[in-house]
Amino acid sequence: MFSFCTDPDTLGQFQWLACYLTTGKHMGFYLSFLTVLLLLAITAPTALFFGFAGASAARSRVLPVSLLGKGYIAIVRGVPDIAFFLFFVIALDQGIEWLRHQALCSDWDQPIRQGNDFVVCAQAKMPLGSAPQWIHEVYGFVLAVVTFAIVFGAFAANVLFGAMRAVPRAQLETAEAYGMTPRQTFWRILVPQMWVYALPGLGNLWMVLIKATPLLFLLGVEDIVYWARELGGSKTARFTDYPHGDWRMWYFFALLVFYLCFTRVSEIVLDRIMQRLTFGQATAGGEAQRKEANA
């Protein structure tokens, strides 16, 4: 913090604002933007992995594997996102603690379920009550990443499954006629060509994922929505050196600008990726590029 911030009562308007925007809580607010970006950076490839695995399982010729893939897609897509986030995080957390309880507390003689309470021994708690605060924050963040990846992985699986089916069957039959094994046909013919059909759906899914990041607030992670509500609410001189009225509108306006800029940059990047993928392909995009090149 600036050196002239030691006595807020004597500051000018600009100095007061400069001091206010550099408090410790505001530093937490600024870092929360990195939390959102880190969530997206980890969740997007993880969800894509879940989606690819789900789509590959759904098109399997082995019936149990196919049912598993299609069931994953149908069940997760059929549950409202908020309900899944709230239920799955609690279930996953309690499942981890139950397994630790069985392994570490064999002498426990009380029921784990006590009415509406879920009670395990202190050693089985995740994380431990004596763990530093950053451990609790990392644990909550990891649960959030897993939940986001499973939910959006199901939608990605549905997109990739449709993209796999959109690749012309004649090309797969040609590969088989040249003696390629099913594995070679899948990795050398199907997978490289499916992305041009999948990218529009995956691009929309990326936009939805960006807009879903405020759900971190529901999962107990101190994200940008948490800090916007915390800092924007009315503050009195009794509790802070920088009292102000209800400024939540301005904080949420800053979030609006952030998300609009981020989605616009994403649109530009996705358009360039699509141009790269459709180059030379027998698609409408590839044909448009050929006409532009010959014009």
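This passage walks through the overall build of a predicted protein model and then turns to its cysteines.

The fold is made up of ten helices and two strands. Followed along the sequence, these elements come in the order α-α-α-α-β-β-α-α-α-α-α-α. The C-alpha trace extends over about 80 × 70 × 30 Å along the principal axes. The radius of gyration is 25 Å, whereas a compact globule of 295 residues would have a value near 19 Å.

Of the 295 residues, 37% are buried. Among contacts with a separation of 6 or more, 65% are between residues 24 or more positions apart. The protein has an accessible surface of about 17,800 Å², and carbon and sulfur atoms contribute 64% of this area. As for charge, the protein carries 22 positive and 20 negative charges, and the mean positions of the two sets lie 13 Å apart.

A closer look at the cysteines is a good next step. A search of the whole structure turns up one disulfide. This bond links C105 and C121, with an S to S distance of 1.6 Å. C105 sits in the loop between α4 (81-104) and β1 (113-114), while C121 belongs to the loop between β2 (117-118) and α5 (133-166), so the disulfide ties together parts that are 16 residues apart in sequence. The torsion about the S-S bond is about 55 degrees, and the disulfide is therefore right-handed. Both C105 and C121 are buried. Another cysteine, C261, is partly exposed, with a relative accessible area of 47%.

Key
Residues are numbered from 1 along each chain as its sequence is written. This is a predicted model: local features need pLDDT of at least 70, side-chain atom pairs count only at pLDDT 80 or more; totals for chains, interfaces and linings use all residues. Side-chain values use heavy atoms; hydrogens and water are left out. A disulfide is a pair of cysteine sulfur atoms within 2.5 Å. Helices (H or I, at least four residues) and strands (E, at least two) are DSSP runs, numbered from the N terminus. Buried means under 20% relative accessible area, exposed over 50%, partly exposed in between (1.4 Å probe, protein chains only). The radius of gyration is taken over C-alpha atoms; the globule rule is 2.2 Å times the number of residues to the power 0.38. Contact means heavy atoms within 4.5 Å. Accessible areas come from the Shrake-Rupley method with a 1.4 Å probe; for residues, only the protein chains shown count as cover. Lys and Arg count as positive and Asp and Glu as negative; His and the chain ends are not counted. The place of a charge is taken as NZ of Lys, CZ of Arg, CG of Asp or CD of Glu.
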